[in-house]
Amino acid sequence: MANTRKRITKSDADRFVQSNGMYMRYKLLAESLFKWSGLPQGVEERHIEEYLFDFGQALFFRDPQMNYMCLQAQNGVNLNVYADPLTYRAVGINYNKEYKAGHDPEYAVFAAQHANALPEGIIIRNNAHSISTKTLIMPYLITLEKIQTVMDINIETCKMPFIIECTPKNELSMKSLFRNLIDGVYALFVNKNMDISKNLNVIQTGAKFMGNEMLDYKHIVESDLLTMLGIDNVNVSKRERLITEEVSANDKLIDSFVDIALKSRQAACTAINETFGLDVSVAFRNPVDNPGNPIESTEEDESNDSGI
């Protein structure tokens with residue numbers, strides 16, 4: 001049976017490195033957006049946000065032996081009338097235990113019917129539907145990877161915008177010749193019997209550099225991604241060309257996305273504090289801090305530009 005496995009090329013390896021680097025860059029950014037305060041010893045902000053990024057929810061609980069913990073939460077099979085789990089399973093390395101859903105009055109009925117009294121755990125949701133951030137950003141990253149691939153291909157095409165005709169006899173020689181050219185060898189030595197002046201036929205491909213257009217498209221996709229994460233990404237030069245209403249609409253959209261994630265985390269903090277007597281809180285940490293408000297001077301600048 002023939003081996004049909006695809007050979008991994010250097011281009012494949014380069015694309016993997018680019019794709020993985022892009023994914024990790026936005027993962028780090030997304031996981032640093034919220035600042036948790038008052039967490040007990042043993043529970044770290046980075047673990048909470050990593051579970052929310054990867055799985056969309058995490059379970060905060062108090063283990064009898066290991067004290068306070070926060071691990072990945074898997075939904076239990078028993079649901080209340082709203083289809084919310086009555087129990088969750090906390091899953092970690094060498095750890096797998098079931099906990100009841102805190103602040104759910106229906107669990108008392110469930111426990112009485114099944115003679116089941118589990119310790120209480122509080123679910124922390126990434127948003128109202130426990131959708132992971134990874135699920136939300138992957139469509140953007142797929143598009144960005146395609147754009148980057150097109151840009152890379154376009155650059156390589158522009159480096160060698162022609163096709164070279166050859167014969168079976170001189171094919172290897174021509175490949176070696178132009179491989180040296182690509183590698184930056186400035187002086188090329190060939191056998192005079194090849195008679196390049198007569199036998200070399202080069203066809204121009206007409207490749208056009210599209211880097212600027214693709215870069216603009218890439219910035220548009222990145223801007224949508226950052227807006228979805230709740231990050232102000234309109235740079236100062238662009239803000240000065242926008243009217244106040246456009247900037248205000250963009251800011252409201254960003255605030256709406258922040259509110260979606262922040263409310264779910266704040267609700268979990270309230271439940272944690274009421275259940276365990278702690279003082280845990282969370283706030284949005286905007287990584288972009290634009291000093292001043294460039295919009296205030298827009299009308300004056302437009303007047304000066306028009307000569308008024």
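User: Which residues of helix 1 meet helix 4?

Analyst: Arg 15, Gln 18, Ser 19, Met 22, Tyr 23, Tyr 26 and Ala 30 do. Their partners in helix 4 include Thr 133, Lys 134, Ile 137, Met 138 and Leu 141, and also Leu 144, Glu 145, Gln 148, Thr 149 and Asp 152. Here a contact means heavy atoms within 4.5 Å. One thing to know up front: this is a predicted model, where local features need pLDDT of at least 70, side-chain atom pairs count only at pLDDT 80 or more, and totals for chains, interfaces and linings use all residues. Residues are numbered from 1 along each chain as its sequence is written, and side-chain values use heavy atoms, leaving out hydrogens and water.

User: At what angle do helix 1 and helix 4 pack?

Analyst: About 140°, with the axes 10 Å apart. The axes are lines fitted to C-alpha atoms over the stretch in contact, and angles run from 0 to 180 degrees between N-to-C directions. Helix 1 covers residues 10–31 and helix 4 covers residues 133–159. Ser 11 sits in helix 1 too, and its C-alpha atom is 9.6 Å from that of Thr 149, although the two are 138 residues apart along the chain.

User: Why does Ser 11 count as partly exposed?

Analyst: Its relative accessibility is 41%. Buried means under 20% relative accessible area and exposed over 50%, with partly exposed in between (1.4 Å probe, protein chains only), so Ser 11 at 41% belongs in the middle class. Across the protein, 34% of the 308 residues count as buried.

User: How many helices and strands are there?

Analyst: The protein has 10 helices and nine strands. They are DSSP runs numbered from the N terminus: H or I over at least four residues for helices, E over at least two for strands.

User: Why are the buried residues of helix 3 said to line one face?

Analyst: In helix 3 (residues 106–114), the buried ones are Tyr 107, Phe 110 and Ala 111. Looking down the helix axis, they fall within an arc of 100°, so they line one face; the arc is that of the directions from the axis to the C-beta atoms. They pack against strand 4 (87–92) and strand 5 (95–101). On the face turned away from them sit the exposed residues Ala 108, Ala 112 and Gln 113.

User: What makes Asn 94 stand out?

Analyst: Its phi is near 60°, a positive value in a residue other than glycine. Most residues other than glycine have a negative phi. Asn 94 is in the loop between strand 4 and strand 5, and it is called exposed because its relative accessible area is 85%. Asn 67 also has a positive phi, near 65°. Asn 67 belongs to strand 3 (residues 67–75) and is partly exposed, at 33% relative accessibility.

User: Which residues form an aromatic cluster, and what makes two rings a pair?

Analyst: Phe 60, Tyr 68 and Phe 276 form one cluster. Rings of Phe, Tyr and Trp (its six-membered ring) pair if their centres lie within 6.5 Å; planes under 30 degrees apart are stacked, over 60 edge-to-face and the rest tilted. The structure holds eight such pairs.

User: How do you know that Arg 265 lies over the face of Phe 34?

Analyst: Arg 265 is 4.1 Å from the ring centre of Phe 34. A charge sits over a ring if NZ of Lys or CZ of Arg is within 6 Å of the centre and within 35 degrees of the ring normal, so 4.1 Å is inside the distance limit.
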